[in-house]
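Here are some exercises on strand pairing, each with a worked solution. Pull up the structure and have a go before you read on.

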Amino acid sequence: RDGYSHLVAGLPYDIHYASPVDGSGLDARFSNLQGMVESLDGKTLYVAEADFACIRKIVLAPSGLVDDNMVGPYAGNCTVRGSDDGHVSSALFQSPSGMTYNRNKTVIWIMDTNPDTTTVSIRQLEIATEMITTVMMTGEVLNGTLPRFFELVYNPAT
């Protein structure tokens, strides 16, 4: 919010890990973060872990100290890939990436790509119910050109 980048969890220039590590700020480990949104109250960050096929949350500590922040699972299973819809506790992702809110900030749109088939899905996370549903899917290889909807996920300001 001050125009600068701040470390909130993990380590700068972290290497890729074989599995996610949850815990306090500097103890947490990530691999291939591909998207992030901030909660409406500004107290939580949701990050897309493409390599681990899940969404993790970073709860920001009121103290502002990195090691007081807490990282944990939020949606998907960080060890199992899939396309199952449902509650955040049971839904599965293939490789989540871009994330953005809808206009009234009641839904988080998540771009989810199957790395084996290049099938791209848009998943809808209803914030109030924590339910995830697939709302759009394409089996086409994107060939470097994103359809307008997918472009909005990566560049919501456009």
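**Exercise 1.** Find the bridge partner of Ile 122 in E10, then work out how E9 and E10 are joined.

*Solution.* This is a predicted model, so treat what follows as a reading of that prediction.
- Step 1: start at Ile 122 and cross over to E10, where the bridge partner is Met 136.
- Step 2: look at the two strands as a whole. E9 pairs with E10 (residues 131-138) in the antiparallel sense, and seven bridges hold the pairing.
- Step 3: follow the chain round the turn. Four residues sit between E9 and E10 in this hairpin, and Glu 130 in the turn shows a positive phi of about 60 degrees.

**Exercise 2.** Now go to the other neighbour: which residue of E9 is the bridge partner of Asp 112?

*Solution.*
- Step 1: the partner of Asp 112 is Ser 121.
- Step 2: E8 (residues 107-113) and E9 are antiparallel, with seven bridges between them.
- Step 3: their hairpin has six residues between the strands, and Thr 118 is the one to check there, with a positive phi near 60 degrees.
- Step 4: consider how covered E9 (residues 120-126) is. Six of its seven residues are buried, so the strand counts as mostly covered, buried being under 20% relative accessible area.

**Exercise 3.** Put the sheet together: in what order do its five strands lie?

*Solution.*
- Step 1: the order is E6-E10-E9-E8-E7, in an open sheet with antiparallel pairing.
- Step 2: pick out the edges. E6 (86-87) and E7 (96-101) each pair on one side only.
- Step 3: zoom in on the E6 edge. Two bridges tie E6 to E10, again antiparallel, and His 87 stands opposite Met 131.

**Exercise 4.** Turn to E3 (residues 44-49): how many of its residues are buried, and which way do they point?

*Solution.*
- Step 1: count first. Six of six are buried.
- Step 2: sort them by direction. Thr 44, Tyr 46 and Ala 48 point one way, while Leu 45, Val 47 and Glu 49 point the other way.
- Step 3: check E2 (residues 33-38), which pairs with E3 over five bridges in the antiparallel sense. Here Leu 33 has Glu 49 as its bridge partner, and Gly 42 in the five-residue hairpin connection takes a positive phi near 75 degrees.
- Step 4: check E4 (residues 54-59), joined to E3 by six bridges and running antiparallel to it. Val 47 stands opposite Arg 56, and in the hairpin, with four residues between the strands, Ala 53 has a positive phi near 60 degrees.

Notes
Residues are numbered from 1 along each chain as its sequence is written. This is a predicted model: local features need pLDDT of at least 70, side-chain atom pairs count only at pLDDT 80 or more; totals for chains, interfaces and linings use all residues. Side-chain values use heavy atoms; hydrogens and water are left out. Buried means under 20% relative accessible area, exposed over 50%, partly exposed in between (1.4 Å probe, protein chains only). Two strands pair if DSSP finds at least two bridges between them.
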